[in-house]
Amino acid sequence: MAAEENVIAGTGAAVATSPGSAGVQSQAPGNATTVSNVAGATGGIAPGNLIETDIDDQLFRFQSEDTSLMSLMLKAKKVKVNSPEVEHYMIDEQRSTLTTDSAVAASNSVQFVLPLVSDDQDIPRDYHTLLIPDVDGYTPDGQTVTPGKSLMVFVTGRDATTNNPIVRAVNGPKKSKDDAFCTTPAIPAGTKIKLLANAMYETQKEVDPDLIVPRPTVVYLQKRGMNQVVSDYFEAQKKHIPFSQSLIAEQAILNFKRASNRTLWAGHRGKFPVKVPKLGEQMIYFTEGIRWQFKRELQHTGKWTIEKLIALAKMFFTGEDVPKSAILLAGKNLLEELQCIDFSKHPEIQIATKQNPIGWVVTSIHTVFGDIDIKREPTLDVLGWSNSGALIGENRLVHYTYSQQHEFKDRVEGEEATRKGIIVWDGLALKGACHIWIDGEGHKANADATTYTIWDSEDAPADDDLVENRVYLLTQDCPGINASAQNGQMWQYKGAAGWVEFSGEIIAD
């Protein structure tokens, strides 16, 4: 103990301290909890005088509201895996819309090849029925067009050369009203086709299985740990307050949770080998934060209005992947803007404070599309995303764990001290395509994300507002884009190809 006592007496080197977030020189990073280190970090307080005049108990609690994303992860579906590299299947809803890549010319043939884009060719199987909304069907006698009553086709086989489905019109044109089969109608290129149920003949019991081959992405799970070392001498001191291992541990764990929460938001995926003394080469993994996992990003500028908020709810709760609930984790500036929206002109929109199942007090906004719970996420402010937020489906998160969280307690070899620690090896991934990142910082979107803008003008976007492949969600009729561009529709700018109505599916350009 003599060496430590010499340091306490002031004959040893002082402990280097650094400022906390408020600028107070109160941090002694990477140091064990000994009397020496505490004395150095607190201005030389001697043994027996470790006194703090006012301890705020809240400071040492595990505040889930400070680490909102981690709290959601701990409530999410947990999947135990046997490798730190996980094949994650993000899109969990089947496709319902197909697209033709070339035109079909009208002819007298009773069946024809339906030319689909390469990603869609294998989806419709034999005996499936397909609806083509943009092509009008005919009356049962095949002689009269029925405007607004779409054409339906039936899959009879597959073309051996192109792998496209061979189809037959169900309510198409006929050369004679007494013919049993319809002829081939004209179908434009780029036509959207809706996948319907199969149709079986009267004694049939076997059909091809639906072709469901999801495309995985690889998620890395990051091993994270927290250690604390407390000397026997420090623990033996008679302190005026219970400044003991429990309080030290709680503060350390809270700091560990906050750092981990920042990683869950903004970490970048990677791995490389490291050389470990006596153990050789080992791999170290870095998990990817969910900020970089979003496939839909709303590029927002200007003031938030009730119309924009309803458009956001519509975009989130409609489409291919519909979540059961929504929570918006927002930076402080975005939260302030949403709170300041004038709801007086829309009494049907209810805004209230409530406690959600996790135990947070949230601001809940009720719309006809669904409820959005809004919660401030302090970590977004720390990361410089105060104007941004993440609209997340609570039941669309997956918590992958390679090893369960566990604690350990060891004696430090050759020292009179105890080492305690926590080790976790896990990662968080988004499931489904409903999630939306709201970018209010003007940052560049993820390379594989579809970007959206809420557009509230009759004129088409121009100059800096016009971005190739961006989807514009219209909050009023916009003849500048297209004569048929109406309020509530989504239109995508395809550069030289001009404007096309967006189907609502997630397309990585």
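In this predicted model, helix α3 (residues 68-75) lies across three strands, namely β16 (326-330), β19 (371-376) and β20 (389-392). Against β16, helix α3 runs at about 155°.

Those three strands belong to an open sheet of eleven strands with mixed pairing. Read from one side to the other, the order goes β17-β18-β19-β16-β20-β23-β15-β24-β25-β26-β27. So much for the running order; the ends come next. At the edges sit β17 (350-355) and β27 (499-501), each of which pairs on one side only. Going from strand to strand, neighbours in this sheet are turned by 25° against each other on average, with direction ignored.

In general, the strands of a sheet pair through backbone hydrogen bonds, and the pairing can be parallel or antiparallel. Here, strand β15 (residues 296-299) pairs with strand β24 (residues 450-455) in the parallel sense, over three bridges. Within that pair, E297 stands opposite T451 in β24.

Now for the chain as a whole. Eight helices and 27 strands turn up in the protein chain. Of its 509 residues, 43% are buried. As for contacts with a separation of 6 or more, 67% of them in the protein chain come from residues 24 or more positions apart. The accessible surface of the protein chain adds up to about 26,500 Å², and carbon and sulfur atoms hold 50% of that surface.

Note on methods: Residues numbered from 1 in each chain as written. Predicted model: local features only at pLDDT ≥ 70, side-chain atom pairs only at ≥ 80, totals over all residues. Heavy atoms only, no water. Helix = DSSP H or I, 4+ residues; strand = E, 2+ residues; numbered from the N terminus. Buried < 20%, exposed > 50% of the residue type's maximum accessible area, 1.4 Å probe, protein only. Contact = heavy atoms within 4.5 Å. Areas by Shrake-Rupley, 256 points an atom, 1.4 Å probe, with all protein chains shown as cover. Pairing = 2+ DSSP bridges. Axes fitted to C-alpha atoms, helices over the stretch in contact; angles between N-to-C directions.
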